[in-house]
Amino acid sequence: MRLWHDVRLLHTGANALLATTLAAMLVAGIVWMVKRPVFTLRSVSIEAVPGHQLRHVSTQLLRVSAARRVNGNFFTVDLDAVRGGFETVPWVRRATVRRIWPNRLVVAIEEHSALALWGDGRLLNTFGELFSANLDEAEEDGPLPEFAGPAGSEHLVQSRYEELKRWLAPLGRRPEAVLLSSRYAWSARLDDGTTLLLGREQGLPIEERVTRWASVYPRVQAKLDRRAEVIDLRYPNGFAVRSVAMVGSGGARTPPPAGAVVDVGHTE
């Protein structure tokens, strides 16, 4: 019975009971408010991220994804699930989802920009990421260059492609295919059908080999009087050329001479 005479203890108990009651009322109020019809999601707006446009993403598939993933109301909808659903749609690289008070969602879509066709049939985007999509759609603006390499080498092959474009610009040529072998040896096919054998990044840097060849090749080609089929740049002091057979009179093909090794110090 002494507890009833302990004023401090009684005050503490009363305060605790009051706090519990207020907390329960607050929770009940929040639950009541969250369930109000005004917060039922009324629309999901889909737009491209700023500075981009949507060329290939299917609006029908986006609507289907929204219908399947958007559950709950303004407060309870799972934004991660909604985002993940949109990112399964072909051509969608990234989706961001945000709430707009009191009953809307806005989804911003970033579309893949295809840079090349990878060796396994997938596409490579401008970020060096692989994705799957319709090749005909990817090549609406023309054929894509072809890349191939060991798993995990996508960024490396992409960088080599950009370097080759820069190194070959003085010749007016560009790479149409870039290959990195399992032994990390490089080769490339140019837009005129010529194959460059670049080898591995050891000894003389590949950049030096390519730019050295590009600086003298117009004179060499003039002397050969025919297009080169294969150019082997793996030599330390020059390069080897295998030319395409020429068509002579009567339509007969004249076989090219054996591959010639050109010393870059003796090209005059």
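# Exercises on a predicted model

Helix α3 (residues 79–86) lies across β1, β2 and β3 and runs at about 150 degrees to β2. The structure is a predicted model, with 6 helices and 15 strands in the protein.

## Exercise 1. The sheet under α3

Task: Which strands stand at the edges of the open sheet, and why is one side of each left without a neighbour?

Solution.
- Step 1. Write down the strand order. The open sheet has 3 strands in the order β1-β3-β2, with mixed pairing.
- Step 2. Read off the edges. β1 (43–48) and β2 (92–100) each have a single partner strand, so one side of each has no neighbour in the sheet.
- Step 3. Add the twist. From one strand to the next, the twist averages 20 degrees.
- Step 4. Examine one pair. β2 and β3 (residues 104–111) run antiparallel and are joined by 8 bridges. Within this pair, Arg98 has Val106 in β3 as its bridge partner.
- Step 5. Classify the helix above. The angle between α3 and β2 is about 150 degrees; because angles over 145 degrees count as roughly antiparallel, α3 is roughly antiparallel to β2.

## Exercise 2. The packing of α5 and α6

Task: What are the angle and the axis distance between α5 and α6, and which residues meet?

Solution.
- Step 1. Take the geometry. The two helices, α5 and α6, pack at about 30 degrees, and their axes are 10 Å apart.
- Step 2. Classify the angle. Angles under 35 degrees count as roughly parallel, and α5 and α6 are therefore roughly parallel to each other.
- Step 3. Give the handedness. The crossing of α5 and α6 is right-handed.
- Step 4. List the residues. From α5 come Arg160, Leu164, Trp167 and Leu168; facing them in α6 are Ile206, Glu207, Val210, Thr211, Trp213 and Ala214.

## Exercise 3. The nonpolar cores

Task: How many residues does the largest nonpolar core have, and which element gives the most to this core?

Solution.
- Step 1. Count the core. The largest nonpolar core has 29 residues, and those with the most contacts inside it are Phe147, Leu164, Leu198, Val210, Trp213, Ile231 and Phe239.
- Step 2. Assign the elements. Two or more residues each come from β4 (114–118), α5 (154–168), β8 (175–180), β9 (186–190), β10 (195–199), α6 (206–224), β11 (228–232) and β12 (238–243).
- Step 3. Pick the main contributor. α6 gives the most, with 7 residues.
- Step 4. Look for another core. A second, separate core has 23 residues, among them Val57, Phe86, Ile109 and Leu117.

## Exercise 4. Thr194 and Arg63

Task: Is Thr194 buried or exposed, and is Arg63 buried or exposed?

Solution.
- Step 1. Place Thr194. Thr194 is in the loop between β9 and β10.
- Step 2. Apply the cut-off. Buried means under 20% relative accessible area; Thr194 has 3%, so Thr194 is buried.
- Step 3. List its contacts. Apart from residues up to four places away in sequence, Thr194 touches Ala188, Arg189, Arg227, Ala228, Glu229 and Ile231.
- Step 4. Go to Ile231. Leaving aside neighbours within four places in sequence, Ile231 is in contact with Thr194, Thr195, Leu196, Leu197, Trp213, Tyr217, Phe239 and Ala240.
- Step 5. Turn to Arg63. Arg63 lies in helix α2 (residues 59–69). Exposed means over 50%; with a relative accessible area of 58%, Arg63 is therefore exposed.
- Step 6. Relate Arg63 to Phe86. These residues are 23 apart along the chain, and their C-alpha atoms are separated by 9.2 Å.
- Step 7. Set both in the whole. Of the 268 residues of the protein, 33% count as buried.

How values were computed. Residues numbered from 1 in each chain as written. Predicted model: local features only at pLDDT ≥ 70, side-chain atom pairs only at ≥ 80, totals over all residues. Heavy atoms only, no water. Core = buried A, V, L, I, M, F, W, Y, C linked by side-chain atoms within 4.5 Å. Buried < 20%, exposed > 50% of the residue type's maximum accessible area, 1.4 Å probe, protein only. Helix = DSSP H or I, 4+ residues; strand = E, 2+ residues; numbered from the N terminus. Contact = heavy atoms within 4.5 Å. Pairing = 2+ DSSP bridges. Axes fitted to C-alpha atoms, helices over the stretch in contact; angles between N-to-C directions. Parallel < 35°, antiparallel > 145°, perpendicular 65-115°, else oblique. Left-handed = near helix turned anticlockwise from the far one by under 90°.
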